[in-house]
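The report below reads through one model, moving from strand pairing to aromatic rings, nonpolar cores and single residues.

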Amino acid sequence: MKIMLPNFAVCIAIGALFIAIAGAEDPYRFFNWNVTYGNIYPLGVRQQGILINGQFPGPDIHSVTNDNLIINVINSLDEPFLISWNGVQQRRNSFEDGVYGTTCPIPPGKNFTYILQVKDQIGSFYYFPSLAFHKAVGGFGGIRILSRPRIPVPFDEPTDDFTVLIGDWYKSNHTALKAILDRGHKLRSPDGILINGRGPNSASFTVQQGKTYRLRISNVGLQNSLNFRIQNHRMKLVEVEGTHTVQQMYSSLDVHCGQSYSVLFTADQPSQDYYIVVSSRFTTPTLTTTGVLHYSNSARKVSGPIPGGPTIQVDWSLNQARSIRTNLTASGPRPNPQGSYHYGMINTSRTIIIQSSAGQVNGKQRYGLNSVSFKPADTPLKLADYFNIGGVFRVGSISDKPTGGGLYLDTSVMGADYRTFVEIVFQNPEDIVQSYHLDGYQFFVVGMDGGVWTQASRNVYNLRDGVARSTIQVYPKSWSAIYIPLDNVGMWNLRTEFWARQYLGQQFYLRVYTNSGSIRDEFPIPKNARLCGRASGRHTRPL
């Protein structure tokens, strides 16, 4: 396939345009990514993986708070492609979110340049391919956003800083997995677990004795919660999805699907190699893989039994989750303390209750929220909203409470007002752990417990130092509750991170709306936005 790359003069002109858009005061980082197929062998079987610049996983994005990221993505696949940026808030700019409800797919042989700004953010995140079932075969990588030089960080700079992408994995190609789902069937359990795209004992991290290191751990898998541990080493949790946390020590850490954690550990053990272990939680059988922590002056390779970890214990995981709290005195992306925003003192204006369900629709397996199984429209919802194209979606097509009715298909969009402060409760009546992600936002985790949520459940809320993050787990037959200030106008995807269920409808879009029309509230459509579906032939803004 022949790809036409823009010439140097055009690149200079586009670069000047980007600078004019985002303001000259914040630095720019430019990336040029070519997305291709390639053979990979993570579990010893040849698969068709998705590579970025020939890499699996893809390259890390290193940035600093408020940086402008100009990422030119060239689609050399034979099918449409998009990348989304898990945890990057896209302030005032959901057009760039990279999911089908906001952004037109990049056709085969074409390119699209994302214009992102990591505005007022720090922390550890990741990117992933959002269309079809591409996520099952790669196209993902780490994102790190460092604090600006003059902003204090609540720990000393480590000797090194490693991205650790963990996730369950199938030996099948994404086309085969997608075909099973399209026929209305469930997927079997994954075949194994990868660490940075590698199978058992293949991923290795070299350390020097006595030095301290940072691991940015993200679960980029398809469905399973995973437990992460290092043989004979304890980990200090320091950051969760952009929030500096109370610094507590853990011997192992549950990382639920879609979540990211930063830990520090010190290489303070005798000089030898140690197992890094990742195992599935709440599954039978338990999937396990290993990597190697290699001391640079190691006298012995890994040997002996693999260190055990928690398996099906829900209470253990729930108690750990409750122990993860915000460091109120530490700075975040700005110099003021994270605790200066007193979320617990703000009255909520609305309670939204979201409940999952599974069932058959037209003889095929589907999943939904509040009885609605999401059906993609023929036009990205954000474009239909921007151009006032009727018949694509209807605000209010999903209730903000469980209806108790049967599952049905619709393009579900829930309306919400800009600058309101809302409570969202995730109710899980099923026997599996679920995790949910909301694009465009951080929210405050105020509570989680077993049983059915009631208004009395608010008596156990943490209204002081609940962690602010963008992905939350909900335990079996349990609930989790969040508070969220709706301060980011746009069309935002709320989805399960159990990827087969997401593909088969367990998601919707939250339309946070204001009629102000001011660019202080929302940016206009990007000048280089692709237009598709019923938006084809319309105009963005003149270059």
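Strand 1 (residues 28-40) and strand 2 run antiparallel to each other and are joined by six bridges. The structure discussed here is a predicted model, and the values that follow are computed from its atoms.

**Strand pairing**

Within the pairing of these two strands, G38 has G49 of strand 2 as its bridge partner. The hairpin that strand 1 and strand 2 make has six residues between the strands, and G44 adopts a positive phi near 85 degrees there. Strand 2 (residues 47-52) is mostly covered, with five of its six residues buried. The loop between strand 2 and strand 3 (61-64) holds Q55, which counts as partly exposed because its relative accessibility is 37%. Although Q55 and G141 are 86 residues apart along the chain, their C-alpha atoms are separated by 9.6 Å.

A further element of the fold is an open sheet of six strands, whose order is 23-25-33-32-27-30 and whose pairing is mixed. Its edges are formed by strand 23 (394-395) and strand 30 (471-474), each of which pairs on one side only. Inside this order, strand 27 and strand 32 (residues 490-496) are antiparallel and share three bridges, and H437 stands opposite R495 of strand 32.

**Aromatic pairs and charges over rings**

How many aromatic pairs does the model hold? With ring centres required to lie within 6.5 Å, the count comes to 27 aromatic pairs. One of them is the tilted pair of W85 and Y127, with 5.9 Å centre to centre and 50 degrees between the planes. Because W85 lies in strand 5 (residues 83-86) and Y127 in strand 7 (residues 123-129), this pair ties together parts that are 42 residues apart in sequence. W85 is buried at a relative accessible area of 1%, and Y127 is buried at 0%. A stacked pair is formed by F426 and Y436, for which the centres are 4.8 Å apart and the planes 15 degrees apart. F426 belongs to strand 26 (residues 421-428) and Y436 to strand 27 (residues 434-438), and the two residues are ten residues apart; both F426 and Y436 are buried.

W85 and Y127 also belong to one aromatic cluster, together with F31, W33, F112 and Y114.

Charged side chains lie over two rings, as the table sets out.

| Charged residue | Ring | Distance to ring centre |
|---|---|---|
| K382 | F95 | 5.3 Å |
| R511 | Y513 | 4.2 Å |

**Nonpolar cores**

Which residues touch the most other members of the largest nonpolar core? In this core of 64 residues, they are L215, F228, L293 and F426. Apart from neighbours within four places in sequence, F426 is in contact with I354, Y436, I472, V474, S478, W479, S480, I482 and L494, so that its stacking partner Y436 appears among these contacts as well. A second core, separate from the largest one, has 26 residues, including L69, F112, L131 and I145. F112 is therefore shared between this second core and the aromatic cluster described above.**Helix 3 and single residues**

In helix 3 (residues 314-323), the buried residues are S317, L318, Q320, A321 and S323. An α-helix has 3.6 residues a turn, so residues three or four places apart point the same way. The cover over the buried residues of helix 3 includes strand 15 (243-250), strand 16 (252-255), strand 28 (443-450) and strand 30.

Is S260, found in strand 17 (residues 260-266), buried or exposed? S260 is buried, with a relative accessible area of 2%. The side chains of S260 and S218 are joined by a polar contact of 2.7 Å. With neighbours within four places in sequence left aside, the contacts of S260 are S124, F125, Y126, I217, S218, V240, E241 and R469.

G359 is located in strand 20 (residues 350-361). From C-alpha to C-alpha, G359 and G406 are 8.3 Å apart in space, while 47 residues separate them in sequence. Not counting residues up to four places away in sequence, G359 touches K364, Q365, R366 and L407.

Definitions and conventions:
Residues are numbered from 1 along each chain as its sequence is written. This is a predicted model: local features need pLDDT of at least 70, side-chain atom pairs count only at pLDDT 80 or more; totals for chains, interfaces and linings use all residues. Side-chain values use heavy atoms; hydrogens and water are left out. Rings of Phe, Tyr and Trp (its six-membered ring) pair if their centres lie within 6.5 Å; planes under 30 degrees apart count as stacked, over 60 as edge-to-face and the rest as tilted. Helices (H or I, at least four residues) and strands (E, at least two) are DSSP runs, numbered from the N terminus. Buried means under 20% relative accessible area, exposed over 50%, partly exposed in between (1.4 Å probe, protein chains only). A charge sits over a ring if NZ of Lys or CZ of Arg is within 6 Å of the ring centre and within 35 degrees of the ring normal. Two strands pair if DSSP finds at least two bridges between them. Contact means heavy atoms within 4.5 Å. A nonpolar core is a set of buried Ala, Val, Leu, Ile, Met, Phe, Trp, Tyr and Cys residues joined through side-chain atoms within 4.5 Å. A polar contact is a pair of N or O atoms within 3.5 Å; within protein, one must be able to donate a hydrogen and the other to accept it, and residues adjacent in sequence count only if both atoms are side-chain atoms.
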